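Work through the following exercises with the sequence and the model at hand. Each task is followed by a worked solution.

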Amino acid sequence: MEGVIQKMNQGALELFGYDKEELIGKKRVSIFSPGEIVIQNVLGWLETANKEGKSVVKTNFLRKDGSQFNAEILITPNFANGKDQEQTGYCGITCLLYTSDAADE
């Protein structure tokens, strides 16, 4: 609930360019945000996820090397023991978005 990274699959680690030991339990998801994008928008994204069961957002993210990429993120609320129990956090699934410019390079 505080934005601390708890799990990342191998694809996410490769996409963002980190090792698991660098992130899990140590960093917040805002590490992937250029400037203030996530910080300025995350409350709205989470509110939508809570109200509608999910939030799908197109944004820019940062890799460890500082390069940016276009992404779509699916955010869903997590519940440890079913939706009738207390919410324990959020799951974010990030997909790389390709632009026509990137495809031409």
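**Exercise 1.** Which residues of H3 are buried?

Solution. The model is predicted, so local features need pLDDT of at least 70 and side-chain atom pairs count only at pLDDT 80 or more, while totals for chains, interfaces and linings use all residues. Numbering starts from 1 along each chain as its sequence is written, and side-chain values use heavy atoms, with hydrogens and water left out.

Step 1. Helices (H or I, at least four residues) and strands (E, at least two) are DSSP runs, numbered from the N terminus. Helix H3 covers residues 37-52.

Step 2. Buried means under 20% relative accessible area, exposed over 50%, and partly exposed in between (1.4 Å probe, protein chains only). The buried residues of H3 are Val-38, Trp-45, Leu-46 and Ala-49.

Step 3. E1, E2 and E3 are among the elements that cover these buried residues, where contact means heavy atoms within 4.5 Å.

**Exercise 2.** Describe the sheet and place H3 on it.

Solution. Step 1. Two strands pair if DSSP finds at least two bridges between them. The three strands form an open sheet in the order E1-E2-E3, with antiparallel pairing.

Step 2. E1 (55-62) and E3 (87-96) are the edge strands; each has a single partner, so one side of each lacks a neighbour in the sheet.

Step 3. From one strand to the next the twist averages 35 degrees. Axes are lines fitted to C-alpha atoms, for helices over the stretch in contact, and angles run from 0 to 180 degrees between N-to-C directions.

Step 4. E1 pairs with E2 (residues 68-79) over eight bridges in the antiparallel sense. Lys-58 lies opposite Glu-72 in E2.

Step 5. H3 packs on the sheet and touches E1, E2 and E3, its direction making about 160 degrees with that of E1.

**Exercise 3.** Where is the kink in H3 centred?

Solution. Step 1. The bend at a residue is the angle between axes fitted to the seven residues ending there and the seven starting there. The kink in H3 is about 35 degrees and is centred on Leu-43.

Step 2. Just after H3, Gly-53 has a positive phi of about 90 degrees.

**Exercise 4.** Is Leu-15 buried or exposed?

Solution. Step 1. Leu-15 belongs to helix H1 (residues 10-16). Its relative accessible area is 14%, so Leu-15 is buried.

Step 2. Not counting residues up to four places away in sequence, Leu-15 touches Arg-63, Phe-69, Thr-94 and Leu-96.
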